[in-house]
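User: Hi! I'm new to reading protein models and would love a hand with this one. Could you walk me through it?
Analyst: Happy to help, here it is.

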Amino acid sequence: MTASSPLKIKFKRMKKIIIYSVGLLLLTSCTKDFDDKNSDPNVLTEVGTREMPFMFAKAQSSAALDRSFYQTVQNLGADLYAQYFALTSTSFQTDRYVFNPDWQTRFYTVVYVNTAPQLKFIIDNAEPGSGEQALANVWWVYTFHRLTDHFGPIPYTDALASVQSVAYDAQEVIYDDFFKRLTQAVDDLKALGSGESVFQGYELMYNGNVDNWIRFANTLRLRLAVRISKIDPTRAKQEAEAAIQSGVFTENGQNASLVKVLEGNDTNGLSQVAAWNEFAMSSTIASYLKGYEDPRLGVFFQPDVTNRQYSSLRNGLSATALGNGRNTAAQNSNVGTEWVTWNANAASWTPNLERRLTVMNAAEAWFLRAEGALNGWDMGGTAQELYTEGVRTSLSQWGAGSSAIEAYINTDAVPIAPGDANNSPAVANTPVRWAASEPIQREQIGTQKWLAIFPDGMEAWAEFRRTGYPVMYPVVQSDNSSLPSGTFVNRLPYPVSEDIANKEALERGKALLGGPDNGATRLWWDVE
């Protein structure tokens, strides 16, 4: 969609007019009420069905993280733990596994304040079986799966209940509801008929195209099915095969991405944080991209501004190491020009704030199917066929030509030493060309999927925890006693705000973890 598209113009006007937060605004524990004395008579406090399109757009924008939340909720956390990026700033310590409790609270705010109330209003007030209700349920699953995969058990079933103590649900219960919502939503959308639209002119991903929403919902169902494949293989197989039969992404024209605009601070968060120059290419991804002579290297990243080299940093460098000149724009590779460009005259970065934000792509679907095929599931092809199509689809998405794609698929290249200041060796010896042994095949699928879903650090971190792929460097230094160097973050601790406002329920939620409330405890689906 171009910058002058009707949808973007309408959304700009919409953002100027109204931002909705309906139901209970759950700043900490989902239980706080507004004080009537603080009500602004000029702010709309009652909403109806005519406001649903606005509310859905608000939920879309919020759940995918706008500029206000992207840095602290994703970039300084999951993006680093996925080792797409490494910190260059001495102001933060999350790359050395020091967690910031306030940032965990911000993710709760994103979900329980800025997203879920909007969706719940639509689900509760739209016609049963309607397209509006179906889209709200699909986006509900997208929203909450990212939250639960960060923390584990969370307030879910009663998340928006007007009660003093909001109960936490086990992930097994939450995932069961995810599958039920997605199944029902797809059935309802298919009942509308092909070519129909919902929230057209307001919906930010597909402009309401029902056919694309069906594929998105099914691909999300496939993602979640593979996520639980080690803990519940029978349910995983059932859900994955049903998703394939119903229709998942198969080509880049179906990819899901959100409109981004300057109004309402709803810009591309990665573009903004890239302009602040607080992270650089991680040596882990540099080792893979350089070794494979990957055509995506020059799209994902750009050379440093002085030597015009693709320069990277190891994750977990000490403040001293970063302070010795290794945190300057001149020495490190920033994210690619899709997101930010260097202004030599001003000696600063210019962000592409209106770049669309990718939510999910077809390449991921192919790799999920490839893994499913190795599991013995009916995924519509052999693991090799599906893997190859995943590689082809990803490279095509980022502009590679057919000859380059075929050469890449058949290369014997493996990762190489990234050439960083730590003299790091090659991170792994994972080949691109399809291998003969199943363990290596699984490693290949995990590695290529990780490359294909760049820059979605949330999903990349989740899949690394589940599969152990790609192979990553250990952090150079850990300042967290529960996560010594050589280990990786498995989850984030609960927000301190919950300990204050929802303590009784939180303690029961912690008991569902099966381990301490720290970064070392594995989630339900994260089985060794």
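Analyst: First, a bit of vocabulary: Ala, Val, Leu, Ile, Met, Phe, Trp, Tyr, Cys and Pro count as nonpolar, Asp, Glu, Lys and Arg as charged, and the others, Gly among them, as polar. This is a predicted model, where local features need pLDDT of at least 70 and side-chain atom pairs count only at pLDDT 80 or more, while totals for chains, interfaces and linings use all residues. Residues are numbered from 1 along each chain as its sequence is written, and side-chain values use heavy atoms, leaving out hydrogens and water.

User: Cool. How many cavities of 30 Å³ or more does the structure hold?
Analyst: Eight cavities reach that size. On a 1 Å grid over the protein atoms alone, a cavity is a set of points where a 1.4 Å probe fits but cannot get out, and lining residues have an atom within 4 Å of a point. Grid points are joined across faces, edges and corners, and a volume is the space filled by probe spheres set on the points.

User: How much space lies in the largest cavity, and which residues lie nearest its centre?
Analyst: The largest cavity has about 230 Å³ of space. Its lining has 22 residues, with Gln74, Leu357, Thr358, Pro455 and Asp456 nearest the centre. By class, that lining has 11 nonpolar, four polar and seven charged residues.

User: Which helices and strands each supply at least two residues of that lining?
Analyst: Helix H3 (67-75), helix H7 (131-151) and strand S8 (357-360) each do. Strand S8 gives the largest share, four residues. Helices (H or I, at least four residues) and strands (E, at least two) are DSSP runs, numbered from the N terminus.

User: You mentioned Pro455. Where is its place, and what is the peptide bond from Phe454 to Pro455, cis or trans?
Analyst: Pro455 sits in the loop between helix H18 (438-452) and helix H19 (457-467). The bond from Phe454 is cis, with omega near 5 degrees. A cis peptide bond also joins Tyr469 and Pro470, with omega about 5 degrees. Pro470 is in the loop between H19 and helix H20 (496-501).

User: New topic: how do H8 and H9 pack?
Analyst: Helix H8 (residues 171-192) and helix H9 (residues 210-227) pack at an angle of about 160 degrees, their axes 10 Å apart. That makes H8 roughly antiparallel to H9. Axes are lines fitted to C-alpha atoms, for helices over the stretch in contact, and angles run from 0 to 180 degrees between N-to-C directions. Angles under 35 degrees count as roughly parallel, over 145 as roughly antiparallel, 65 to 115 as roughly perpendicular and the rest as oblique.

User: Is the crossing of H8 and H9 left-handed or right-handed?
Analyst: H8 and H9 cross in a left-handed way. A crossing is left-handed if the near helix is turned anticlockwise from the far one by less than a right angle, and right-handed if clockwise. The residues of this contact (heavy atoms within 4.5 Å) divide into 14 nonpolar, two polar and three charged.

User: And what about H9 with H10?
Analyst: H9 and helix H10 (residues 233-246) pack at about 160 degrees with their axes 8 Å apart. They are therefore roughly antiparallel to each other. Asn218, Arg221, Leu222 and Ala225 of H9 make the contact with residues of H10 including Ala236, Glu239 and Ala240.

User: Back to H18: how does H15 pack with H18?
Analyst: Helix H15 (residues 362-374) and H18 pack at an angle of about 165 degrees, with axes 9 Å apart. The crossing of H15 and H18 is left-handed. Their contact residues divide into seven nonpolar, two polar and five charged.

Methods
On a 1 Å grid over the protein atoms alone, a cavity is a set of points where a 1.4 Å probe fits but cannot get out, and a pocket is an open set with protein on both sides within 12 Å along at least five of seven lines; lining residues have an atom within 4 Å of a point.
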